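Please set out the grounds on which the descriptive terms applied to this structure rest.

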Amino acid sequence: MRIVDLTVDKEGNKDDKASIGVAVELLNSIKEWRSRAVERIDLTSASWADRRRSIQVEPLRGHIKTPKLLPHHKKATLWLPVGNFPKGPLLDFNLEVAGERPLLLRMNKHCNIFAQRIAFLATKADIPISSEIEKFLEAIFCFTTASWQELHRERRLSPEARQECVLKYLKKYPIGGFPDGQLSPGLVRYWDQKIEPIRNLVELRMVPTIDNASANPLLALRGAASISNKESNPLLLDDERKVEQVLDALIDFLIAAYRKAKMNNAEAHKILIHYASYGDHWDAIAECTVPVDEPFLIKTAEKRGLHLGEPGEVASSHSKPRGWFQDRSSSQLVVWGDAQSNHVNIRVTDTNVELKVKRLRALTERHRVVNELPLYYEATPEFIGFYDSGRKRYFRLWIDLPLRSSAVATISRVVILGLIASALIAFGFFVFHWFDVGSGTMMSGTDVAVILIPSAIAASLLLIRESSTLSTELNKASSMATAMVLAVLWVCTLVAYAAQRIEWSVQ
């Protein structure tokens, strides 16, 4: 046969262990077999951005070390990493690999691969790792945020508020086998203080969201019990002592990795990076059949939530800060180090919105400004494109894109708002004149029509001319001002009519 299935054993049964080994091997050498990644981001509205990405893959034969792959094999079925995404729902997601449409693995298999990746690096770094830690890592990486997000609506919580939310979460979703009577505010406070070293290690690598279970492993205790119950050697968390043992084991493992990393151990450094990253992000892996001696493409498309504001203001995926004046930028998180060269193109599809090119910034995941923007970039008011092929690149970057209304749209708004304000001022002169002693001045219907009709038409055109919700969001302050001025003008007209200060001539 010219196709070899690397996901089964000799008897044709599914062999997850071998499949995970290949996936981990490809994840750890991801830059070597991806020659180029090109991503296009279209800012289509105030809430969403359309993202399309294509990855050029080199022939995989030299990157897969398995005796199953023989010289006569032209294709292989394997678990292939296809992209890195923030945790959360995939919206309008499409995947194409080598012209086919494969399916992603189930989430529990993803998390098992991530935990085995950490275990592989630990072995290379000569850091002891037990099956207990591997199971806990799998639970941390599998943590889903929906039930946790029901209990908080803030982007950041004080330690006291965080401990209170964790207590509510563990009471609502109890740890399997743990007695309810033992769970108290004091115990949760003690556990939260115990894992402070873990939180500090994560924050050295990135600014974690409040939903990041890597920074708050207490959220994964329930999952650790449920995952382990399916194994022959279950991870029992049925009392306080056993919970503290697993927390201590994780703390000791990460501190050992930190000490090795301080000694310039590359594998230990990767352990800390991947542990922190898998709390907020995940590597999508699909089972697919691909050529092993020819290059091919991985194509992904998705719709991702658009966050208006500084990167530091962007927290968990369900929270999108908005305001009246300060939200003038769009922060896009891009993968910047998963191929030999990375290319990113960002476009604004609304003709009424432009990019402030001179104020463009690139920031790390810790929201620190990079000294220089990615090399070789080209920018116009509607488009920015850049790429880099340096070996020492950040894996992900925040691209802070300041936005503004186009010059034409801004001028038209100012002119129309000025005309409407002038009409209101002119109407005001009539009102003040009416209150003069003995004044009998009246406004004719023609006067009212001349003031109101052009102003109403101009304001209506201004308010409905927005071609997308993005320009509406950017200009909501001026739109509201225009609407209010027009409303005041109409109210004054009605009051004048009721006071019999408008004379309607009849022919």
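**Asp338, a hairpin and a cavity**

Q: Which residues count as contacts of Asp338, leaving aside those up to four places away in sequence?
A: Asp338 touches Ile30, Lys31, Arg34, Ala37, Arg53, Ile55 and Phe395, where contact means heavy atoms within 4.5 Å. The model is predicted, so local features need pLDDT of at least 70 and side-chain atom pairs pLDDT 80 or more, whereas totals for chains, interfaces and linings use all residues. Residues are numbered from 1 along each chain as its sequence is written, and side-chain values use heavy atoms, without hydrogens and water.

Q: Why is Asp338 called buried?
A: Buried means under 20% relative accessible area (1.4 Å probe, protein chains only). Asp338 has 1%, and is therefore buried.

Q: What makes the pairings of the Asp338 side chain with the side chains of Arg53 and Asn342 polar contacts?
A: A polar contact is a pair of N or O atoms within 3.5 Å, one able to donate a hydrogen and the other to accept it; residues adjacent in sequence count only if both atoms are side-chain atoms. The values are 2.9 Å for Arg53 and 2.8 Å for Asn342.

Q: How do you know that strand S13 and strand S14 pair?
A: Two strands, which are DSSP runs (E, at least two residues) numbered from the N terminus, pair if DSSP finds at least two bridges between them. S13 (residues 377–380) and S14 (residues 383–388) have four, in the antiparallel sense. Glu378 stands opposite Gly385 in S14.

Definitions and conventions:
Buried means under 20% relative accessible area, exposed over 50%, partly exposed in between (1.4 Å probe, protein chains only).
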